[in-house]
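Today's notebook page is about charged side chains and what they pair with. Come along as I look them up one by one.

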Amino acid sequence: MTHPSAGTATTNLGPTANGGSDHTPPGQIAATLTTLAARLREDQKTNIGFPGSFDFDITPLLEFFNFLINNIGDPYLGSAYPANTMPMEREVVTTIANLLGAPVDDRWGYVTTGGTEGNEFGLHLARERFPDAMTYFSRAAHYSVAKSVARLRMPAIEIKCDRDGVLSYTDLRRLLLAHRDRPAIVLATAGTTMTEAVDDVHQIRTILHDVPIRRFHIHTDAALSGLPLAFVPRSERAGYRLDEGADSISVSGHKFIGCPFPSGVVVTRRSLRDRIGTAVDYIGSADTTVTGSRSGHAALVLWYALNTLGMSGLRRRADEARQVATYAHAQLQAINWPALRHPHAFTVVFDQPAPAVVKKWRLGTGEGRSHLVAMPGVRTDQIDALISDLVASRNKAQTSTPVPDRAPVPPRAPYPRDGSEL
Ligand SMILES: *Cc1c(COP(=O)(O)O)cnc(C)c1O
């Protein structure tokens with residue numbers, strides 16, 4: 001299978017551009033687009049390692065992609081730019097805020113470029129509340145968290161986690177005690193990148209009260225699991241929502257919901273957001289969001305998805321995805337391939353297979369383990385095909401001289417554990 005790189009020059013804009021011509025012949029453009037479409041279609045067949053959903057059809061919205069739609073500014077204050085979808089954006093925030101347990105009379109949020117922006121928003125908000133705080137995040141936190149914390153120049157400490165990916169409450173308690181003279185910002189994860197583990201914000205809050213630290217902010221990075229977990233009764237899962245101890249939460253829009261481009265939603269309490277953002281006459285709004293211009297199409301697609309699926313559709317998607325994940329876990333066990341699946345998770349983690357299998361199925365891989373993510377749209381026949389590949393690769397490895405594994409992924413540079421300024 002070949003994957004022409006996106007950087008291959010096939011038009012007159014590439015490095016081999018013909019200086020004499022100012023445009024690319026239409027036939028050449030059409031050929032490039034046909035190649036791209038084929039590559040994307042081909043990719044969908046075996047992409048079960050990255051947590052995107054492919055089953056959502058936005059055809060009825062295509063006409064809107066001929067319009068510039070810009071939700072510049074705060075969605076609740078409107079904007080001097082009228083071609084916006086802010087009323088839809090507010091409905092999206094309301095629906096997501098309901099799922100994430102935000103107080104009805106004290107909630108705020110907006111549609112972001114993705115989970116990463118929502119996390120950076122949450123961390124920035126936390127720092128504005130407590131400029132002298134120490135930030136704590138687990139080793140299993142998304143790789144972008146260390147980057148955002150560094151970019152915001154927040155002193156931070158990495159917390160250990162167990163092999164299943166859950167933050168170590170013992171290590172957190174120890175380090176909070178060591179820094180109990182400072183406010184605390186804790187970044188919890190609902191659905192860690194490798195194993196889809198969930199850190200319990202209720203337990204984190206209890207530890208903060210015990211230490212005691214009274215001035216704190218807990219942000220939940222719920223990019224992957226925040227929405228599907230909302231359909232699981234509280235008694236059967238860890239706490240991660242605003243009514244369970246979090247102060248701000250970020251989710252992705254292209255993961256569980258299936259928006260075909262990166263997007264997300266961040267939700268917090270309005271009373272907290274009132275600390276940030278200044279009024280800007282030019283945009284007729286307040287500059288409370290991380291970016292300036294914001295995609296009106298993202299709000300439109302999420303609004304359409306949430307309204308057409310409804311709560312029952314979202315619940316069904318979560319149930320069906322979990323059935324496929326359960327099936328995958330059982331099939332791996334049936335061939336004696338060591339595998340782990342957290343309760344309610346879409347993710348199944350297993351011992352890293354041969355490089356060719358990792359590559360074909362886009363399996364997220366690190367530290368000797370790989371995972372598949374049974375997002376809505378992943379089918380059991382794909383799991384069956386993966387299982388066949390695993391069995392075949394194992395038989396091949398037993399009958400031939402061992403092929404060298406791909407170069408091991410270097411472990412992430414250890415984060416300073418002393419909380420020194422970066
Ligand atoms: C996907 C993911 C992110 C990043 O979200 P984007 O929407 O890709 O920016 C952050 N944290 C976790 C746990 C994720 O799964």
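Which residue forms a salt bridge with aspartate 210? I looked it up in this predicted model and found arginine 173, with the closest N and O atoms 3.3 Å apart. Aspartate 210 sits in helix H6 and arginine 173 in helix H5 (residues 169–178), so this pair ties together parts that are 37 residues apart in sequence. I also checked accessibility: aspartate 210 is partly exposed at 47%, and arginine 173 is partly exposed too, at 34%.

**Entry: the overall count**

Next I asked how many salt bridges there are by this rule. I got 23. I picked out a few to follow up.

**Entry: arginine 317 and aspartate 55**

I noted a salt bridge between the side chains of arginine 317 and aspartate 55, at 2.6 Å from N to O. Arginine 317 belongs to helix H9 (residues 296–334), while aspartate 55 is in the loop between helix H1 (26–46) and helix H2 (86–99), so the pair links parts that lie 262 residues apart in sequence. Arginine 317 is buried, with 4% relative accessible area, whereas aspartate 55 is partly exposed at 37%.

**Entry: a pair within helix H9**

I stayed in helix H9 for aspartate 319 and arginine 322, which are three residues apart there and separated by about one helical turn. Their side chains meet in a salt bridge with an N to O distance of 4.0 Å. I have aspartate 319 down as partly exposed, at 37% relative accessibility, and arginine 322 as buried, at 10%. I then turned to a network: Arg234, Arg237, Arg241, Asp243 and Glu244 are joined into one by salt bridges that share partners.

**Entry: aspartate 200**

I wanted to know where aspartate 200 is placed. I found it in the loop between strand S4 (184–189) and helix H6 (201–210). Is aspartate 200 buried or exposed? Aspartate 200 is buried, yet it has no salt bridge. Why no salt bridge? The nearest side chain of opposite charge, arginine 234, is 4.3 Å away, and a salt bridge needs the nitrogen within 4 Å of a carboxyl oxygen, so this pair does not count.

I then looked for what else surrounds aspartate 200. A polar atom of the aspartate 200 side chain lies 3.2 Å from the backbone nitrogen of glycine 239. Leaving out residues up to four places away in sequence, I listed Tyr169, Arg234, Ala238 and Gly239 as the residues that aspartate 200 touches. Arg234 therefore appears in my notes both as a contact of aspartate 200 and as a member of the salt-bridge network.

Notes:
Residues are numbered from 1 along each chain as its sequence is written. This is a predicted model: local features need pLDDT of at least 70, side-chain atom pairs count only at pLDDT 80 or more; totals for chains, interfaces and linings use all residues. Side-chain values use heavy atoms; hydrogens and water are left out. Helices (H or I, at least four residues) and strands (E, at least two) are DSSP runs, numbered from the N terminus. Buried means under 20% relative accessible area, exposed over 50%, partly exposed in between (1.4 Å probe, protein chains only). Lys and Arg count as positive and Asp and Glu as negative; His and the chain ends are not counted. A polar contact is a pair of N or O atoms within 3.5 Å; within protein, one must be able to donate a hydrogen and the other to accept it, and residues adjacent in sequence count only if both atoms are side-chain atoms. Contact means heavy atoms within 4.5 Å.
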